[in-house]
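Welcome to a short set of exercises on reading a protein model. Take each task in turn, try it yourself, and then follow the solution step by step.

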Amino acid sequence: MTIRVGVIGTGSIGTDHVKRLSSQVTGSTVSALYDIDTERVCEIASSVGAVAFDGPLGVIDSPLVDAVVIATPGETHAELTLACIEAGKPVFCEKPLAPTTEECLGILEAEIASGRRLVQVGFMRRYDRAYRTMKQAIDDRSIGEVLLMHCLHRNVSSPPTYTSSMPFTDSVIHEVDTSRWLVGEELVAATVVGVRKSAYAPEHLLDPQIVLLESASGILVDVEVFVNCQYGYDVRCEVVGELGVASLDPPRSTATLMTRVAADGVPPDWKVRFGEAYLVELQDWIDGLGQNVIAGPSAWDGYCATAVSQCCVRSLESGGRETVDLIEMPAFYA
Ligand code: ISE
């Protein structure tokens, strides 16, 4: 069975997904596309034999489309995801599920009312080999009870539109999702800590920043986010347990120098670092659809991640510790 996918949004990540779904993933084709950039979308459509539509709803409602990928800017996600649910079509929505918790709750409500899981959120790190090995070590209790997590998230540089809250809503949202998933607990509070500002960050942007996240049982997760680090895309994570540590990065016995001129082996961006994870993620989604199963990150996960990233933004604004307000998890997502 071949799943015919409609892709809405053919910017950088959307185009990569089109390539994967049309030539690397087995069991899928790309049948319909929409993007605000008409010229670009027509070119991509003709290269993969898809139909280019002049609006996103055309893709969602098309009889040529069995399932939809949303890769447009975050502000459009809620409306498009709701339209997919309304049409009864499975939807893979890039992160964030939606920028506000209110919009996320609207999606939960609509999905629950539809009576079946239709939504998967694009938290690709859950499909990364190294993160999965860490999860295994936590789940099989090789490192004992988890006490702490140290995370680091660095981008080479930020686009001009990137504001001081975006390190949390655009970047740390991944650490929020991976830490919830790794330890199997909700995050309940966030405290943002100011750090000396880099002269290489734009004037308006606080960069780097550190946030301390607390889990329900008291696990402390510290995240350094630095989106103008200059030397490469660097993501690290170490989980400290009572009996050992699980780390994305093997401990080194020699000092490593990473600068713009000496950053050997450091990927330039997330598209390279998580290239394999994106592919595994989409293959898993397509395989599941073939059996009417959606098992990846759910709308509930998307809601929780947005709630925690919004809590970080509140802490940035208040300068103090803020708590996360979550609704009780609906039985539908248990
Ligand atoms: C970007 O939008 C992503 O989603 C990447 O995965 C993340 O690492 C990066 O910091 C974001 O800006």
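**Exercise 1. The ligand and its surroundings**

Which residues are around the ligand?

*Solution.* Keep in mind that this is a predicted model.

Step 1. Collect each residue with a heavy atom within 4 Å of the ligand. This gives Lys 95, Met 124, His 153, Asn 155, Asp 170, Ser 171, His 174, Tyr 233 and Trp 270.

Step 2. Sort this shell by residue type: three residues are nonpolar, four are polar and two are charged.

Step 3. Now look at where the shell comes from. Helix H7, residues 166-183, gives the largest share, with three residues.

**Exercise 2. Polar atoms beside the ligand**

Find how far polar side-chain atoms of His 153, Asp 170 and Ser 171 lie from oxygen atoms of the ligand.

*Solution.* Step 1. Begin with Asp 170: one of its polar side-chain atoms is 2.5 Å from a ligand oxygen.

Step 2. Move on to His 153, where a polar side-chain atom and an oxygen atom of the ligand are 2.7 Å apart.

Step 3. For Ser 171, the distance from a polar side-chain atom to a ligand oxygen is 2.7 Å.

Step 4. Finish with the ligand's surface. On its own the ligand exposes 300 Å², and the protein buries 89% of that. As for its location, the ligand sits in the largest pocket.

**Exercise 3. The six-stranded sheet**

Work out the strand order of the open sheet with six strands, and name its edges.

*Solution.* Step 1. Trace the sheet from one side to the other: the order is S3-S2-S1-S4-S5-S6, with parallel pairing.

Step 2. Check the two ends. Strand S3 (51-52) and strand S6 (119-122) are the edge strands, and each of them pairs on one side only.

Step 3. Zoom in on one pair. Strand S5, residues 91-94, runs parallel to S6, and four bridges join them. Within this pair, Glu 94 has Gly 122 of S6 as its bridge partner.

**Exercise 4. The seven-stranded sheet**

Why is one side of S12 and of S13 left without a neighbour in the sheet?

*Solution.* Step 1. Write down the order of this open sheet of seven strands: S12-S11-S7-S10-S9-S8-S13, with mixed pairing.

Step 2. Look at the ends. Strands S12 (245-247) and S13 (322-323) stand at the edges with a single partner strand each, so one side of each has no neighbour in the sheet.

Step 3. Follow S8 (residues 187-194) to S13: the two run antiparallel and are joined by two bridges. Ala 189 stands opposite Thr 323, and Ala 190 has Glu 322 as its bridge partner.

Step 4. Turn to S9 (residues 209-215), which runs antiparallel to S8 and is joined to it by seven bridges. Here Leu 187 stands opposite Ser 215.

**Exercise 5. Notable backbone angles**

Locate the cis peptide bonds at Pro 96 and Pro 208, and then the positive phi values of Gln 230 and Asn 292.

*Solution.* Step 1. Lys 95 and Pro 96 are joined by a cis peptide bond with omega about -5°. Pro 96 belongs to the loop between S5 and helix H5 (101-114).

Step 2. The bond between Asp 207 and Pro 208 is cis too, with omega about 0°. Pro 208 is in the loop between S8 and S9.

Step 3. Gln 230 is not a glycine, yet its phi is positive, about 80°. This residue is in the loop between strand S10 (220-226) and strand S11 (234-241).

Step 4. Asn 292, also a residue other than glycine, has a positive phi near 60°. Its place is the loop between helix H9 (275-290) and helix H10 (299-318).

Note on methods: Residues are numbered from 1 along each chain as its sequence is written. This is a predicted model: local features need pLDDT of at least 70, side-chain atom pairs count only at pLDDT 80 or more; totals for chains, interfaces and linings use all residues. Side-chain values use heavy atoms; hydrogens and water are left out. A polar contact is a pair of N or O atoms within 3.5 Å; within protein, one must be able to donate a hydrogen and the other to accept it, and residues adjacent in sequence count only if both atoms are side-chain atoms. Accessible areas come from the Shrake-Rupley method with a 1.4 Å probe; for residues, only the protein chains shown count as cover. On a 1 Å grid over the protein atoms alone, a cavity is a set of points where a 1.4 Å probe fits but cannot get out, and a pocket is an open set with protein on both sides within 12 Å along at least five of seven lines; lining residues have an atom within 4 Å of a point. A molecule sits in a cavity or pocket if more than half of its atoms lie within 2 Å of its grid points. Ala, Val, Leu, Ile, Met, Phe, Trp, Tyr, Cys and Pro count as nonpolar, Asp, Glu, Lys and Arg as charged, and the others, Gly among them, as polar. Two strands pair if DSSP finds at least two bridges between them.
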